[in-house]
Amino acid sequence: MNRILIKGGRVIDPVSGIDGLFDVYVFGGKIAAVKPSIPPGSPLEKGGVGDLDDWTIIDATGLIVCPGFIDMHTHLREPGYEYKETIKTGAMAAAAGGFTSIACMANTNPVNDNASVTRYILKKAVEEGVVNVFPVGAISKGLKGETLAEIGDLKEAGCVAVSDDGRPMMNTGLMRLAMEYAGLFNLLVISHCEDMAISAEGVMNEGFTATRLGLKGIPNAAEDIMVARDIALAELTGAKLHIAHVSTKGSVELIRRAKDNGIRISAEVTPHHFTLKDEAVIGYNTNAKMNPPLRSQSDVDALKQGLKDGTIDVIATDHAPQDIVEKEIEFDKAANGIIGLETALSLSLMLVSDNIITLPDLVKKLSANPAKLLGLDNKGALKVGADADVTIIDLNKEWIVDSRELKSKSRNTPFDGWRMKGRAVKTIVGGKVVYEG
Amino acid sequence: MRLKRKDILTIEDLAKDEIELILSTAQSFKEVSEREIKKVPTLRGRTIINLFYEASTRTRTSFEIAAKRMSADAINISASSSSVAKGETLKDTAKNLEAMNPDCIVLRHPSSGAPQVLAGFIKCSVINAGDGSHEHPSQALLDLLTVKEKLGRIDGLKIVIVGDISHSRVARSNIYGFTKLGAEVSVVAPPTMMPSGIASMGCNVKNRIEDAITDADVIMMLRIQLERHKVPLFPTVREYSRLFGLDRKKLGKAKKDIVILHPGPINRGVEIASDIADAPYSLILDQVKNGVAVRMALFYLLLGGSRE
């Protein structure tokens, strides 16, 4: 049995309240011990004394050792769009970014709206994926917003949440039913909040930049209105509501107030929404085109405040691979989305260096919080008995993003050429090192 | 003299002296179109491709005539009859055209920014002949030339632009063009057709035509681009015309020596009353005439002379 001893790192585990120099011992795919000092070959409660040759020693001196990151918002594109990303390449990109688990959205082809698609994804993930893959099932059949998908079947097959992400749920009546019905299985309902009657044909944030570029705008109100609606529905139904990719100041304020009022709501923000402003579009940069769009400085400030005060629980990537035939074209015709798994950590660490949030807080928003929301009981913490999913970070590692070097199959990142500091140097999934940088 | 740039994509990134050079060059080319033999050999051996992804009569003909009067070889490609209809991307079309070694591609495209994207892909010059709701630089230049010719100056004039500002590339180019040359520009539209943050371009924003035109020197009426409206942005054409159309009654509030511009095509009786479109103070046909001269100047300043 494979034994790993991670020695001398600064272990940060928000769940057990640990932040200090510890050794972490991994045995049988589980965390077997976290102690100030574990000499190799020493007798331990789990695993016992082994042959010294059996032990893989990882010297983590000067590094951060934390629970493996969980991205609760990834698009893997398989089945159906394997030319953009596959489960295999998406999982490799995740590992390279320090993510040990990813939740993949249902907008594949066919849509993950029935158990057979869920099982297909899980089978492929076991066979080809180096990280844990947790499918998110569709709320509605075919993401059409007309009738409920078989949510009970989806849950049994292994879905950890439901969402029509990519398509806003315009049908308020169906959203109510979905929230009520998902409650039966204690499933999280993840909402892409966008009133399409207002966003209409918009392709970027509404405002001066859009006007100057002659591009149709999407006002903040398109998101705010739906966040307000879903909060009202969460109050009505008692469902577990999670707001995907929050982009506006108004959303942050609505979510904060809802939390104050005791409504079961959580929220995520993407690194690109708290890093970039809508000016990134200037030059018709299709790698700055996504939905929701990049917003204004006051929105960016509000997102950071929301991360700081806990209104926003999770940092998620919304990793959305697109081929160049969908990106190297006219801006208004280009597809939405950017890849994010491999840049998320470095961008998030800027929040720490800018003193917006602390490092333990960041780790929590990347591990413990998503684990809790998705009901992944054995993940998101370095406690004894938990799955041995561990991310080791070098805070001082400097690197320059080169889109050609990324593990993802697609190249659509606005951060190409960016100088970054801090990166995952080892990613361990179930006690196995799956990435070394 | 040549412009020290490869492309003409926007008025926004032209400097004041570049605009003035284009206008003075255009002025000198006007005479060519008055000759019996309307041709100069200046651009002999140059190849100009008019690549039009949107229907156009005036602009395409104007660019073609301008090219031919400069003795360049002009080729017209329209989207409906081209490989675009077969699903080719703009980049692939551009690369294929470039392989035939043209000197300039004139692009009209429904997507804002398409000329900028094209210019990034290819080495020859690109002239933007109108992109989406973004810019239409040659139109603004011919408008500037027309006003300068009639009123003797641009500096200090008050220009009012009325119509669908949201969707108008003519408005954007003219706001930049007139303000760069020292005029004061006001835009007028119902709030449903006024784009967010437009005042930051350096213009006044007004909602009622009557308030805007009292001290104006130039009124520019824009066509209502119903084809760009997904849903109607005003209740009826009748009501729009009543509130924002230029008729004799509203014009009574303007100065006596007002001049009227319209980029065409005009919708008679909608944004402009028929008698006003045909009145002596309407410069609509002067604009069209100057369009040829401005486009000759653009070709000359980008392609003319010896190449470094």
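Which residues does A:Val24 touch, not counting residues up to four places away in sequence?

The model is predicted: local features need pLDDT of at least 70, side-chain atom pairs count only at pLDDT 80 or more, and totals for chains, interfaces and linings use all residues. Residues are numbered from 1 along each chain as its sequence is written, while chains are lettered from A and ligands numbered from 1 in the order in which they are written.

**Exercise 1. List the contacts of A:Val24 and place this residue in a core.**

Step 1. Two residues are in contact if their C-beta atoms, placed from the backbone, lie within 7 Å. With residues up to four places away in sequence left out, A:Val24 touches A:Ile6, A:Val11, A:Ile31, A:Val34, A:Val65, A:Leu382 and A:Val390.

Step 2. A nonpolar core is a set of buried Ala, Val, Leu, Ile, Met, Phe, Trp, Tyr and Cys residues joined through C-beta atoms within 7 Å. A residue is buried if 20 or more other C-beta atoms lie within 10 Å of its own, exposed if 12 or fewer, and partly exposed in between, with C-beta atoms placed from the backbone. The largest such core has 124 residues, and A:Val24, A:Val162 and A:Val189 have the most contacts inside it.

Step 3. Helix 1 (residues 87-96) of chain A gives the largest share of this core, seven residues. Helices (H or I, at least four residues) and strands (E, at least two) are DSSP runs, numbered from the N terminus. Domain 1 (3-65 + 386-436) and domain 2 (69-374) of chain A both contribute residues, so the core lies between them.

**Exercise 2. Describe the contact between the two domains of chain A.**

Step 1. Domain bounds come from an automatic or database domain assignment. The C-alpha centres of domain 1 and domain 2 of chain A lie 27 Å apart.

Step 2. Domain 1 of chain A supplies 28 residues to the contact and domain 2 of chain A supplies 42 residues.

Step 3. On the domain 1 side, strand 16 (390-400), strand 17 (419-429) and strand 18 (432-436) of chain A each give two or more residues. The largest share there, seven residues, comes from strand 17 of chain A.

**Exercise 3. Give the strand order of the open five-stranded sheet in chain B and identify its edges.**

Step 1. Two strands pair if DSSP finds at least two bridges between them. The order is 7-6-5-8-9, with parallel pairing.

Step 2. Strand 7 (204-206) and strand 9 (259-261) of chain B each have a single partner strand, so one side of each is left without a neighbour in the sheet.

Step 3. Strand 8 (residues 218-221) of chain B is joined to strand 9 of chain B by three bridges. B:Ile219 stands opposite B:Ile260 in strand 9 of chain B.
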